[in-house]
Amino acid sequence: MEPNREPVVIKVRNNGPYKVTGPVTIIDADGNEFELPEGDGVVLCRCGASTTKPFCDKTHSQIGFEAAERAVRQEGLGDLPGH
């Protein structure tokens, strides 16, 4: 990481979206870059039902989305960065 550059942090919200903070670029499947708001990061859909994918529109709270809440170490991932 470059000196004085803030880290990218992805926080999993309980039964909700991913909150991403730090300097990120989000690119769609066609290579187009999404315009991101300045400020407090972005919130990405995790339930799959958002009408504004990849961004969260809070549909998870209407459909009763329930997710695994804790990180689980998977076998065979030990060689990947961060594992």
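# Reasoning from values to names

Read along the sequence, the pattern of the protein chain is β-β-β-α. The model is predicted.

Student: What makes up the secondary structure of the protein chain, and how confident is the predictor?

Tutor: The chain has 1 helix and 3 strands. Its mean pLDDT is 87, and 86% of its residues reach 70 or more. Within the chain, strand β1 (residues 9–12) has the lowest confidence, at a mean of 94, and strand β3 (residues 42–44) has the highest, at 97.

Student: How do you know that β1 and strand β2 (residues 18–21) pair?

Tutor: Two strands pair if at least two bridges are found between them. Here 4 bridges join β1 to β2, so the pair meets the cut-off of at least two. The two strands run antiparallel. As examples of facing residues, V12 stands opposite Y18, and K11 has K19 as its bridge partner.

Student: What lies between β1 and β2 in the hairpin?

Tutor: The two strands form a hairpin with 5 residues between them. N15 lies in that loop and has a positive phi of about 50°, although it is not a glycine.

Student: What makes the phi of N15 worth noting?

Tutor: Most residues other than glycine have a negative phi. N15 is not a glycine, yet its phi is positive. K58, in the loop between β3 and α1, is also not a glycine and has a positive phi of about 75°.

Student: Why is N15 called partly exposed, and K58 exposed?

Tutor: Exposed means over 50% relative accessible area, buried means under 20%, and partly exposed is in between. N15 is at 29%, so it counts as partly exposed. K58 is at 59%, so it is exposed.

Student: How do you know that β2 and β3 pair?

Tutor: The same kind of test applies. β2 and β3 are joined over 3 bridges in the antiparallel sense, so the requirement of at least two is met. Y18 stands opposite L44 in β3. Y18 also stands opposite V12.

Student: Why is the contact between F34 and F55 called an aromatic pair, and why edge-to-face?

Tutor: A search of the whole structure finds 1 aromatic pair. F34 and F55 form that pair, with 5.3 Å centre to centre and 90° between the planes. Ring centres must lie within 6.5 Å, and 5.3 Å does, so the rings pair. Planes over 60 degrees apart count as edge-to-face, so 90° gives that name.

Student: What does the pair tie together?

Tutor: F34 lies in the loop between β2 and β3, and F55 in the loop between β3 and α1 (59–63), so the pair ties together parts that are 21 residues apart in sequence.

Student: Which of these words, buried or partly exposed, fits F34, and which fits F55?

Tutor: F34 is at 25%, which means it counts as partly exposed. F55 is at 19%, under the 20% cut-off, so F55 is buried. Of the 83 residues of the chain, 17% count as buried.

Student: What makes the peptide bond between K53 and P54 a point to mention?

Tutor: Most peptide bonds are trans. The bond that joins K53 and P54 is cis, with omega about 10°. P54 is in the loop between β3 and α1.

Student: Why is E6 called exposed, and what does E6 lie 7.2 Å from?

Tutor: E6 has 51% relative accessibility, and the cut-off is over 50%, so E6 counts as exposed. E6 is found in the segment before β1. The C-alpha atoms of E6 and P23 are 7.2 Å apart in space, while the two residues are 17 apart in sequence.

Student: Why is A68 called exposed?

Tutor: A68 has a relative accessible area of 63%, which is over 50%, so A68 is exposed. A68 lies in the segment after α1. Its C-alpha atom is separated by 8.6 Å from that of N14, 54 residues away along the chain.

Student: What is the volume of the largest cavity, and what lines it?

Tutor: The structure holds 1 cavity of 30 Å³ or more. The largest cavity has a volume of about 40 Å³. Its lining includes C45, C47 and K58. By class, the lining has 4 nonpolar, 4 polar and 3 charged residues.

Definitions and conventions
Residues numbered from 1 in each chain as written. Predicted model: local features only at pLDDT ≥ 70, side-chain atom pairs only at ≥ 80, totals over all residues. Heavy atoms only, no water. pLDDT = per-residue confidence, 0-100. 1 Å grid on protein atoms, 1.4 Å probe; cavity = no way out; pocket = protein on both sides within 12 Å on 5 of 7 lines; lining within 4 Å. Points joined across faces, edges and corners; volume = space filled by probe spheres on them. Nonpolar A, V, L, I, M, F, W, Y, C, P; charged D, E, K, R; others polar. Buried < 20%, exposed > 50% of the residue type's maximum accessible area, 1.4 Å probe, protein only. Phe/Tyr/Trp six-rings, centres within 6.5 Å; stacked < 30°, edge-to-face > 60°.
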